[in-house]
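Got the viewer open? Let's take a short tour, one selection at a time.

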Amino acid sequence: MLMIDCPWCGNRDESEFMYGGEGNIVRPQDPESISDDSWSDYLFMRKNTKGLYMEQWLHSYGCRRWFLAERETVSYEILNTHKIGEINPESKS
Ligand SMILES: [Zn+2]
């Protein structure tokens with residue numbers, strides 16, 4: 001059983017959470033000024049990392065808040081969780 005540490009509620013069973021994909025995706029400041037390829041990359045292209053990966057999770061059967069989790073994709077271990085905006089998107093992968 002995987003336990004996930006919600007930044008607001010503490011350790012809870014994985015079944016209370018919903019995976020939300022890659023975390024810390026930064027929306028372009030001015031979408032009208034970028035190319036269609038860049039906009040498409042923002043919408044659809046995600047990393048397929050082997051190793052440390054930043055993800056977003058929703059505590060859907062708890063506080064219903066989104067948060068970030070640093071997960072090791074090889075071992076599936078979640079190393080840290082953070083509230084949204086707690087860490088700089090440019091500093092983490
Ligand atoms: Zn929670």
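Before you zoom in, start with the cysteines: under a cut-off of 2.5 Å between cysteine sulfur atoms, the count of disulfides comes to zero. Keep in mind that you're looking at a predicted model.

**Stop 1: the zinc ion**

So what are some of those cysteines up to? Select the zinc ion and show its donors: C6 (SG), C9 (SG), H59 (ND1) and C63 (SG) coordinate the ion, at 2.1 to 2.4 Å. If you turn on angle labels, the four donor atoms around the zinc ion subtend 105 to 117°, which makes the arrangement tetrahedral. For reference, ideal angles for four tetrahedral donors at a metal are 109.5 degrees.

Now trace the donors along the chain, where their spacing reads C-x2-C-x49-H-x3-C. C6 sits in strand β1 (residues 3–6), while H59 is in the loop between β4 and β5 (66–72), so this pair ties together parts that lie 53 residues apart in sequence.

Which of these donors are buried? Switch on a surface: both C6 and H59 are. C6 has a relative accessible area of just 2%. C63, at 27% relative accessibility, counts as partly exposed.

**Stop 2: the sheet**

Next, switch to a cartoon view and look for an open sheet of four strands, paired antiparallel in the order β3-β4-β5-β6. Colour β3 (18–22) and β6 (78–83): these two stand at the edges with a single partner strand each, so one side of each has no neighbour in the sheet. Look across the strands and you'll find that neighbours are turned by 30° against each other on average, ignoring direction.

Start at the β3 edge. β3 and strand β4 (residues 52–58) run antiparallel and are joined by three bridges. Pick out Y19 here, and you'll see W57 of β4 standing opposite. Remember those two for the next stop.

Then move over to the β6 edge. Five bridges join β5 to β6, and these strands also run antiparallel. Select A69 and T81 together: T81, in β6, stands opposite A69. Follow the chain from β5 to β6 and you'll trace a hairpin with five residues between the strands. In that turn, click on Y76, which has a positive phi of about 70°.

**Stop 3: the aromatic pairs**

How many aromatic pairs does the structure hold? There are three, and we'll visit two of them.

Begin with F17 and F67. Their ring centres are 5.7 Å apart and their planes meet at 85°, so this pair is edge-to-face. The two come from distant parts of the chain: F17 is in the loop between β2 (10–13) and β3, F67 is in strand β5, and 50 residues separate them. Are these rings buried or exposed? F17 counts as buried at 9% relative accessibility, and F67 is buried too, at 0%.

Now go back to Y19 and W57. They form an edge-to-face aromatic pair as well, at 5.4 Å centre to centre with 70° between the planes. This pair also links distant parts of the chain, with Y19 in strand β3 and W57 in strand β4, 38 residues apart. Put the surface back on to see how the partners sit: Y19 is partly exposed, with a relative accessible area of 41%, whereas W57 counts as buried at 3%.

Technical notes. Residues numbered from 1 in each chain as written. Predicted model: local features only at pLDDT ≥ 70, side-chain atom pairs only at ≥ 80, totals over all residues. Heavy atoms only, no water. Pairing = 2+ DSSP bridges. Axes fitted to C-alpha atoms, helices over the stretch in contact; angles between N-to-C directions. Donors = N, O, S within 2.8 Å, 3.2 Å for Na, K, Ca; no water. Tetrahedral: all angles 85-135°; square planar, octahedral: opposite > 155°, others 65-115°. Buried < 20%, exposed > 50% of the residue type's maximum accessible area, 1.4 Å probe, protein only. Phe/Tyr/Trp six-rings, centres within 6.5 Å; stacked < 30°, edge-to-face > 60°.
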